[in-house]
Amino acid sequence: MNRPTPKPLRRRFFVALGHAIHVTWPVLSVMIAIQLALGLVTGFVEGWSVGDAIYFTFITGLTIGYGDLVPKQTLTRALAIGIGYFGLFVTGVIAAIAVHAMRSALVDGARGDERSNIDDAIE
């Protein structure tokens, strides 16, 4: 079994992660901006402070949902659903970026058949 050493693997991972974030940043920033806009509109309609609106946006977008701030109007409930969907998209993109970075780090450091080396590194 040919396992990569941790330090070079970690370095390759962070380099690949930085590159992937750099490439996908326009998409991520637009999705986060839409989330924040929806959250600020929700907070304005509900009469919350800006801090509470931003807090609600991230708690809802990350699908935590403590329940301390709850939209009561039909419009703001629909906006909260939009915040949740965009939160799922952002989470999915971030997870895909991390998986891509790990795969790139393993493949870049592998010698020979890349598929068997990735399988060996995972085991």
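The chain folds into four helices and has zero strands, so if you trace the sequence from the start you simply read α-α-α-α. Keep in mind as you look around that this is a predicted model. Of its 123 residues, 30% count as buried. Contacts across the sequence matter for the picture too: taking the contacts in the chain with a separation of 6 or more, 63% are between residues 24 or more positions apart.

Let's begin with the pairing of α1 and α3. Two packed helices are described by the angle between their axes and the distance between the axes. For α1 and α3, the angle is about 175° and the axes lie 8 Å apart. Angles over 145 degrees count as roughly antiparallel, and that is why α1 is described as roughly antiparallel to α3. Sort the residues of this contact by type and you get 27 nonpolar, 10 polar and three charged.

Now for what sits inside. In soluble globular proteins, nonpolar side chains tend to be buried together. Here, the largest nonpolar core has 12 residues, among them Leu9, Phe13, Leu17, Met31, Val90, Ile97 and Leu106. Helix α1 and helix α3, which spans 74-109, each supply at least two residues of this core. The largest share, seven residues, comes from α1. Phe13 is a handy place to zoom in: leaving aside residues up to four places away in sequence, Phe13 touches Ala98, Ala101, Met102 and Ala105. Of these partners, Ala101 and Ala105 are listed in the 12-residue core along with Phe13. There is also a second, separate core, made of seven residues, including Leu38, Trp48, Leu79 and Ile83.

Next, swing the view round to α1 and α2. Helix α1 covers residues 6-46 and helix α2 covers residues 50-61; their axes come within 8 Å and cross at roughly 130°. That angle makes α1 oblique to α2, and the crossing is right-handed. Which residues make the contact between these two helices? On the α1 side they are Gln35, Leu36, Gly39, Leu40, Thr42 and Gly43. Facing them from α2 are Val50, Ala53, Ile54, Phe56, Thr57, Phe58 and Gly61. By type, the residues of this contact divide into seven nonpolar, six polar and no charged.

So α1 is a good helix to keep in sight while you rotate the model: α1 is roughly antiparallel to α3 and oblique to α2.

Methods: Residues are numbered from 1 along each chain as its sequence is written. This is a predicted model: local features need pLDDT of at least 70, side-chain atom pairs count only at pLDDT 80 or more; totals for chains, interfaces and linings use all residues. Side-chain values use heavy atoms; hydrogens and water are left out. Axes are lines fitted to C-alpha atoms, for helices over the stretch in contact, and angles run from 0 to 180 degrees between N-to-C directions. Angles under 35 degrees count as roughly parallel, over 145 as roughly antiparallel, 65 to 115 as roughly perpendicular and the rest as oblique. A crossing is left-handed if the near helix is turned anticlockwise from the far one by less than a right angle, and right-handed if clockwise. Contact means heavy atoms within 4.5 Å. Ala, Val, Leu, Ile, Met, Phe, Trp, Tyr, Cys and Pro count as nonpolar, Asp, Glu, Lys and Arg as charged, and the others, Gly among them, as polar. A nonpolar core is a set of buried Ala, Val, Leu, Ile, Met, Phe, Trp, Tyr and Cys residues joined through side-chain atoms within 4.5 Å. Buried means under 20% relative accessible area, exposed over 50%, partly exposed in between (1.4 Å probe, protein chains only).
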